[in-house]
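Colleague: Please give me a close look at a single part of this model, the aromatic pairs, and then set that part beside the packing and the charged contacts elsewhere in the chain.

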Amino acid sequence: MKSFIVCALEPSANLHLKEVLRAYQKEYGKFELYGIYDEALSEEFGLSSHPLYSAHEFGAMGFVEVLPLIFKAKRAIKELVSLALEREKEGGGFNAVLCIDSPAFNIPFAKALKKANSTTKRIYYILPQVWAWKRGRIPVVEEHFDVLASILPFDREFFTKSIYVGHPLLDEICEFKDNFNMQKILTKKEEEKIIAFLPGSRASEIKRLMPVFRDLAAKFKGEKVLCVPPFNLEKMHLYGDVEGFKIESSAPNLLKRADFAFICSGTATLEAALVGTPFILAYKARAVDVFIARLFVKLKHIGLANIFCDFAGKEAMNPEFLQGQVRAEVLFEAYEKYDYKGFFAKVGFLKEYLKFGSAKNLAKILNEI
């Protein structure tokens, strides 16, 4: 039975990891996991092993909020390196180290493994966004990882070693709107529409967006649904007053039945674009984080769907509103002026651009390495 060290610190990384583990279990059988990931995965896959740290211990947003986690991260890296070396001395070793996203943790971890002369193969899944900033990471990543498993077709323009394995959302989304669903949105009366609100998954982004979303929801006559991820259902205090909202914990299910959505920047924006749900991106962060980001990040857009369109030379798919622009009256006006035709025209392009899901391809790499 193969065993892996996994570093999945983000909620989205754990969702993607779950699909990879499902594909691996189906094709290759049992496995063991160690490292940092959502402890619920141990129960779901019947593992005797458990995470060294729960992924929830590392949830943070922005430069300032990450600072208190630095010492914990250093301690975790030291412990994980020791674990890898101990297994190698016993003669077996882990079959691979799988690092998912989170470059601020995973790059130092890979460096520490190499410095300690670990022989365990290192896989990077969901590569650092060097196309946005920190291109100096490119040679560092290529030096310290054996396999670069990319989920973005344009990563190959930056990483010479990258292998496009597909995009995880094409594994996770089970239903997509068809032409009939899209046309129906255009003919629905306002009181018949379902409006989705996805304020993110981190406490800080939820607290910044919910006051705006509450005011915005009051302007709609139809059903208003708030997406609360499963791991936040016991933390409803983060959302404040949710009177007037229905609660849904599955973003794919909600987006499939919603007629329109307001979404915090993140994976959910691409999810909505692929499903075919018209949406507006709304993003608020700490002023200091935005100031630092603007110094280094040189992109026209922050939403993944729009970034894909930029790389393909196409017009933006959806409107984006940032910081002070994120006001109920501004978002509602953008809703009233929405370019549905332009949005629907690009849904097919996105699916063709990303081609296929990544879970089976990554599971195959894990089995063969």
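Modeller: The account below begins with the aromatic rings and then turns to a helix, a contact between distant residues, the salt bridges and the confidence of the model.

The model is predicted, and local features are accepted only at a pLDDT of at least 70, side-chain atom pairs only at pLDDT 80 or more, whereas totals for chains, interfaces and linings use all residues. Residues are numbered from 1 along each chain as its sequence is written, and side-chain values rest on heavy atoms, with hydrogens and water left out.

A pair of aromatic rings is described by the distance of the centres and the angle of the planes. Rings of Phe, Tyr and Trp (for Trp, the six-membered ring) are paired if their centres lie within 6.5 Å; planes under 30 degrees apart are stacked, those over 60 are edge-to-face, and the rest are tilted. By this rule, the count is 33 aromatic pairs. One of them joins W131 and F311 edge-to-face, with 6.3 Å from centre to centre and 90 degrees between the planes. The two residues are 180 apart in sequence: W131 lies in the loop between β5 (122-125) and α6 (137-144), and F311 in helix α13 (residues 304-311). Helices (H or I, at least four residues) and strands (E, at least two) are DSSP runs, numbered from the N terminus.

The burial of the partners can be stated as well. Buried means under 20% relative accessible area, exposed over 50%, and partly exposed in between, with a 1.4 Å probe and protein chains only. W131 counts as buried because its relative accessibility is 4%, while F311, at 31%, counts as partly exposed. F311 also pairs with F154: the ring centres are 3.8 Å apart and the planes meet at 5 degrees, so this pair is stacked. This second pair again links distant parts of the chain, with F154 in the loop between β6 (147-150) and β7 (162-164) and F311 in helix α13, 157 residues apart. F154 is buried, at a relative accessible area of 1%.

Rings also meet charged groups. A charge sits over a ring if NZ of Lys or CZ of Arg is within 6 Å of the ring centre and within 35 degrees of the ring normal. The charged end of R87 is over the ring of F94, 4.4 Å from the centre of that ring. K314 lies over the face of F349, at 5.1 Å from the ring centre.

The packing of one helix may be set beside this. Helix α5 (residues 103-115) contains 13 residues and spans 18 Å from its first C-alpha to its last, close to the 18 Å expected at 1.5 Å a residue, where the expected span is 1.5 Å times one less than the number of residues. Its residues P103, F105, N106, I107, F109, A110 and L113 are buried. The buried residues of α5 pack against β1 (2-8), β2 (31-37), α4 (70-89), β4 (96-100), β5 and α6. Just after α5, N117 has a positive phi of about 65 degrees.

L170, in helix α7 (residues 169-172), supplies a further link over distance in sequence. Its C-alpha atom is 6.0 Å from that of F356, although the two are 186 residues apart along the chain. Beyond its neighbours within four places in sequence, L170 is in contact (heavy atoms within 4.5 Å) with F176, L274, L354, K355, F356 and G357.

A salt bridge is a side-chain nitrogen of Lys or Arg within 4 Å of a carboxyl oxygen of Asp or Glu, and the whole structure has 14 of them. E223 forms one with K246 at 3.8 Å, N to O. E223 is in strand β9 (residues 223-227) and K246 in strand β10 (residues 246-248), so this bridge ties together parts 23 residues apart in sequence. E223 also bridges to R257, with the closest N and O atoms 3.3 Å apart; R257 lies in helix α10 (residues 251-257), so the parts tied together here are 34 residues apart. These residues are partly exposed: E223 at 23%, K246 at 48% and R257 at 35%.

Finally, pLDDT is the predictor's confidence in each residue, from 0 to 100. The protein chain averages 90, and 93% of the residues score at least 70. Over residues 60-65 pLDDT stays under 50, and the model has 23 contacts for them beyond four places in sequence. Where pLDDT is low, the predicted coordinates should not be read in detail.
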